[in-house]
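User: I should like to learn how to read the features of a protein model. Could we take one structure and work through it together?

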Amino acid sequence: MKNIMIKVNINCQICKTDVLKAIDKLIGIDAVVVDGQKGTLSVVGDVDPVLVVKPLRKAGKVAEIISVGPVKPLEPKEPPAVFLLPPCCNQCQLVGVSYAPYFDGGVCNIL
């Protein structure tokens, strides 16, 4: 598996669609990411970089290989932070609130 970064002229949504259609039929591609703002195409898989650029150029796009390298493993995400109550809150009393819709004499209770 390798990550191939290609610089491609992507000016609009139509250009983005053309780029994706051009490489759609290639075998060995696992993931494709198109970044229109940066003008880059990232292809992950077991495919020759030249075989990725060739259909892009055939579709009329200026394509240039920026880098070819191994796929970076995903870093494990940190667990969400646990928020502890300050010590002064342990002395507070909890108040229960229940609400029932007002249908013919419904009741709202604060306990």
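**Reading a sheet, its helices and its core**

Analyst: Let us begin with a single pair of residues: the bridge partner of Lys2 in strand E3 is Gly45. Please keep in mind that this is a predicted model.

User: How many bridges join E1 to E3, and in which sense do these strands run?

Analyst: Strands E1 and E3 are joined by 6 bridges and run antiparallel. Helix H1 packs on the sheet, where it touches E1, E2 and E3, and its direction makes about 165° with that of E2. Helix H2 also packs on the sheet; H2 touches E1, E3 and E4, and its direction makes about 155° with that of E4.

User: What is the order of the strands in the open sheet?

Analyst: The open sheet has 4 strands in the order E2-E3-E1-E4, and the pairing is antiparallel. Its edge strands are E2 and E4 (63-70), each of which pairs on one side only. From one strand to the next, the twist averages 15°.

User: Which pairing does E2 make with E3, and what lies between them?

Analyst: Strand E2, residues 29-35, pairs with E3 in the antiparallel sense over 6 bridges. Within this pairing, Val32 has Val43 of E3 as its bridge partner. The two strands form a hairpin with 4 residues between them, and Gly39 in the turn has a positive phi of about 70°.

User: What pattern does the whole chain follow along the sequence?

Analyst: The chain has 2 helices and 6 strands, and their pattern along the sequence is β-α-β-β-α-β-β-β. Contacts show how the fold brings separated parts of a chain together. Here, of the contacts with a separation of 6 or more, 60% are between residues 24 or more positions apart.

User: How should I read a nonpolar core?

Analyst: The general idea is that nonpolar side chains tend to be buried together in soluble globular proteins. In this model, the largest nonpolar core has 16 residues, and Ile6, Val8, Leu41, Val43, Val52 and Leu56 touch the most other members. At least two residues of this core come from each of E1 (2-8), H1 (13-23), E3 (40-45) and H2 (49-58). The element that gives the most is H1, with 4 residues.

User: With which residues is Val43 in contact, leaving aside its neighbours within four places in sequence?

Analyst: With those neighbours set aside, Val43 is in contact with Lys2, Asn3, Ile4, Ile23, Ile29, Ala31 and Val52.

User: Ile23 is in that list. Why is Ile23 counted as buried?

Analyst: A residue counts as buried when its relative accessible area is under 20%. Ile23 is buried because its relative accessible area is 3%. This residue lies in helix H1. Beyond its neighbours within four places in sequence, Ile23 is in contact with Ile29, Val32, Leu41, Val43, Val52 and Leu56. Ile23 and Leu51 are 28 residues apart in sequence, and their C-alpha atoms are 9.0 Å apart in space.

User: Where does Lys61 lie, and is this residue buried or exposed?

Analyst: Lys61 lies in the loop between H2 and E4. Lys61 is buried, yet has no salt bridge. The nearest side chain of opposite charge, Asp18, is 4.5 Å away, whereas a salt bridge requires the charged atoms to be within 4 Å. Leaving aside neighbours within four places in sequence, Lys61 is in contact with Val8, Asn9, Cys15, Asp18, Val19 and Leu56.

User: How much of the chain counts as buried?

Analyst: Of its 111 residues, 22% count as buried.

Terms used:
Residues are numbered from 1 along each chain as its sequence is written. This is a predicted model: local features need pLDDT of at least 70, side-chain atom pairs count only at pLDDT 80 or more; totals for chains, interfaces and linings use all residues. Side-chain values use heavy atoms; hydrogens and water are left out. A nonpolar core is a set of buried Ala, Val, Leu, Ile, Met, Phe, Trp, Tyr and Cys residues joined through side-chain atoms within 4.5 Å. Buried means under 20% relative accessible area, exposed over 50%, partly exposed in between (1.4 Å probe, protein chains only). Contact means heavy atoms within 4.5 Å. Two strands pair if DSSP finds at least two bridges between them. Axes are lines fitted to C-alpha atoms, for helices over the stretch in contact, and angles run from 0 to 180 degrees between N-to-C directions. Lys and Arg count as positive and Asp and Glu as negative; His and the chain ends are not counted.
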